[in-house]
Amino acid sequence: MVNQYETTVIVTPVLTDTELKELTSGYVKFLKSKGAEIIDEDHWGLKQLAYPIKKKTTGFYFLVEYKVDTQVISEFELNLKRDESIMRFLTVSLDKYAVKYNDDKRKGLIGKKKTETKEKEEEA
C-alpha cells in the first residue's frame, strides 16, 4: 500500500556543507531506489534546538516528503537509526488534508511565499 509520508531529520551540526548534502542526497537516493516518488525536499538550515541532544544545542534540519510503499518505511528508519550523524528524526504518515495543506503551501496559497521571504532576507 502506497502512502504519502513526511520525514523530518535533525543532523549533527559538525558536518560540513558538502558532507550534509551528500548525507541528505544519499537518503533521497535510497528512497528513490525503493520506488519512492519524492514530492518535496526542504533544507531548513542550522536551527537552535529546544534542548541539548548529545551535548549539541544546534542541528541541521532536513525535510523530505515522498510517496512509498509502507514496507519501505521500517528499512528507511532503521538506516536513520544506525547513522551516528542523525540526532533525531520523525516520520509522519500524511492524510488527505495534510497532503492538500502541503501542496497549497508549496504553491503559496497558505502562509508566506518562498519568494517573499527571500526578498525580505535580501532587503535586510
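Two strands count as paired if DSSP finds at least two bridges between them. With that in mind, one such pairing can be located in this predicted model: N3 stands opposite V68 in strand β3. N3 lies within β1, which covers residues 2–11, and 10 bridges join β1 to β3, the two strands running antiparallel. At another point along β1, V11 has F60 of β3 as its bridge partner.

The wider layout can now be set out. The protein has 4 helices and 4 strands, and from the N terminus on its elements follow the order β-α-β-β-α-β-α-α. The C-alpha atoms fill a box of roughly 45 × 40 × 25 Å, taken along the principal axes. Of the 124 residues, 35% count as buried. Among contacts with a separation of 6 or more, 74% come from residues 24 or more positions apart.

The strands make up an open sheet of 4, in the order β2-β3-β1-β4, with antiparallel pairing. At the edges are β2 (37–53) and β4 (86–93), each of which pairs on one side only. Neighbouring strands are turned against each other by 20° on average, direction ignored. Two helices pack on this sheet. Helix α1 touches β1, β2, β3 and β4, and its direction makes about 20° with that of β3. Helix α2 touches β1, β3 and β4, and its direction makes about 160° with that of β3.

Strand β1 also has a second partner. It is joined to β4 by 7 bridges, and these two strands run antiparallel. Here V11 stands opposite I86. How enclosed is β1 by the rest of the structure? Of its 10 residues, 8 are buried, so β1 is largely enclosed.

What lies among these elements? In soluble globular proteins, nonpolar side chains tend to be buried together. The largest nonpolar core in this model has 21 residues, and V11, Y66, V68, F76 and I86 touch the most other members. At least two residues of this core come from each of β1 (2–11), α1 (17–33), β3 (56–69) and α2 (70–82). Which element gives the most to this core? That element is α1, with 6 residues. Apart from the largest core lies another, of 5 residues, among them I10, L49, I53 and M87.

I86 shows how one residue brings several parts of the chain together. Leaving aside neighbours within four places in sequence, I86 is in contact with V9, I10, V11, L23, Y27, K54 and L80. Of these, V11 is also the residue that stands opposite I86 in the pairing with β4.

Aromatic side chains can be followed in a similar way. A pair of aromatic rings is described by the distance of the centres and the angle of the planes. The structure holds 5 aromatic pairs. One of them is formed by F30 and F76, which are stacked at 6.1 Å centre to centre with 15° between the planes. This pair links distant parts of the chain, with F30 in helix α1 and F76 in helix α2, 46 residues apart. Are these two residues buried or exposed? Both F30 and F76 are buried. They also belong to one aromatic cluster, formed by Y5, Y27, F30, Y66 and F76.

A loop residue comes next. T12 is found in the loop between β1 and α1. Why does T12 count as buried? The cut-off for buried is under 20% relative accessible area, and T12 counts as buried because its relative accessibility is 8%. Not counting residues up to four places away in sequence, T12 touches K56, F60, S85 and M87. Of these, F60 is also the bridge partner of V11 in β3, and M87 is a member of the core of 5 residues.

The last element to describe here is helix α3, residues 96–107. This helix has 12 residues and reaches 17 Å from its first C-alpha to its last, close to the 16 Å expected at 1.5 Å a residue. After α3 comes G108, whose phi is positive, near 90°.

Key
Residues are numbered from 1 along each chain as its sequence is written. This is a predicted model: local features need pLDDT of at least 70, side-chain atom pairs count only at pLDDT 80 or more; totals for chains, interfaces and linings use all residues. Side-chain values use heavy atoms; hydrogens and water are left out. A nonpolar core is a set of buried Ala, Val, Leu, Ile, Met, Phe, Trp, Tyr and Cys residues joined through side-chain atoms within 4.5 Å. Buried means under 20% relative accessible area, exposed over 50%, partly exposed in between (1.4 Å probe, protein chains only). Contact means heavy atoms within 4.5 Å. Axes are lines fitted to C-alpha atoms, for helices over the stretch in contact, and angles run from 0 to 180 degrees between N-to-C directions. Rings of Phe, Tyr and Trp (its six-membered ring) pair if their centres lie within 6.5 Å; planes under 30 degrees apart count as stacked, over 60 as edge-to-face and the rest as tilted. The expected span of a helix is 1.5 Å times one less than its number of residues.
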